[in-house]
Amino acid sequence: MKKEEMIYGIHAAHAMLCTSPTDVIQLWLQANRHDKKINEIKSLAQKHHIVCEEIATIDLQKLVGEQVRHQGVVMLARFITDWTEEKLIQYIKNINQRIV
């Protein structure tokens with residue numbers, strides 16, 4: 001059974017930081033990207049004392065493979081199981097923006 005998995009993309013990383021920040025092992029961000037979405041990910045990571053390492057785009061691509069669109073965010077996390085109703089409710093309560 002897998003113990004760790006790579007999670008990539010802004011929305012996936014944001015969800016992980018909101019619902020299961022203690023499961024994040026490592027976070028890598030695209031070095032030359034400093035927009036609102038990336039800054040929000042950085043802020044969430046800092047809030048949960050997760051170190052963000054900024055690396056070159058080519059190095060992010062090497063982490064996840066050539067066919068993957070990482071959007072400047074890659075994280076290594078403990079393997080997560082399917083969402084339970086409680087996890088979904090926790091995520092919805094912690095979100096700061098409209099869902100629908």
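Which residue stands opposite Val73 in E4? In this predicted model, the residue opposite Val73 in E4 is Leu29, and the views below place that pair in its surroundings.

**View 1. The sheet is open and built from four strands, with mixed pairing.** Read across the sheet, the strands follow the order E1-E4-E2-E3. Strand E1, residues 4-8, and strand E3, residues 52-55, stand at the edges, and because each has a single partner strand, one side of each is left without a neighbour in the sheet. On average, and with direction ignored, neighbouring strands of this sheet are turned by 20° against each other.

**View 2. Strand E4, residues 73-78, pairs with E1 and with E2.** With E1, the pairing of E4 is antiparallel and runs over five bridges, and here Ile7 stands opposite Met75 in E4. With E2, the pairing of E4 is again in the antiparallel sense over five bridges, and this is the setting of Leu29 and Val73, which stand opposite each other. Strand E4 is mostly covered, since five of its six residues are buried.

**View 3. Strands E2 and E3 pair in the parallel sense.** Strand E2 spans residues 24-30, and four bridges join E2 to E3. Gln30 can be found opposite Ile55 in E3. Helix H2 packs on the sheet, where H2 touches E2, E3 and E4, and the direction of H2 makes about 150° with that of E2.

**View 4. Helix H1 lies across strands E1, E2 and E4.** In this view H1 can be followed as it runs at about 40° to E4, the strand in which five of six residues are buried.

**View 5. Helices H1 and H2 pack against each other at an angle of about 25°.** H1 covers residues 10-19 and H2 covers residues 36-47, and their axes are 10 Å apart. The angle makes H1 roughly parallel to H2, because angles under 35 degrees count as roughly parallel. The crossing of the two helices, H1 and H2, is left-handed.

**View 6. The contact of H1 with H2 is formed by residues from both helices.** From H1 come Ile10, Ala13, His14, Leu17 and Cys18, which meet Lys37, Glu40, Ile41, Leu44 and Ala45 in H2. Sorted by character, the residues of this contact divide into seven nonpolar, one polar and two charged.

Methods. Residues are numbered from 1 along each chain as its sequence is written. This is a predicted model: local features need pLDDT of at least 70, side-chain atom pairs count only at pLDDT 80 or more; totals for chains, interfaces and linings use all residues. Side-chain values use heavy atoms; hydrogens and water are left out. Axes are lines fitted to C-alpha atoms, for helices over the stretch in contact, and angles run from 0 to 180 degrees between N-to-C directions. Angles under 35 degrees count as roughly parallel, over 145 as roughly antiparallel, 65 to 115 as roughly perpendicular and the rest as oblique. A crossing is left-handed if the near helix is turned anticlockwise from the far one by less than a right angle, and right-handed if clockwise. Contact means heavy atoms within 4.5 Å. Ala, Val, Leu, Ile, Met, Phe, Trp, Tyr, Cys and Pro count as nonpolar, Asp, Glu, Lys and Arg as charged, and the others, Gly among them, as polar. Two strands pair if DSSP finds at least two bridges between them. Buried means under 20% relative accessible area, exposed over 50%, partly exposed in between (1.4 Å probe, protein chains only).
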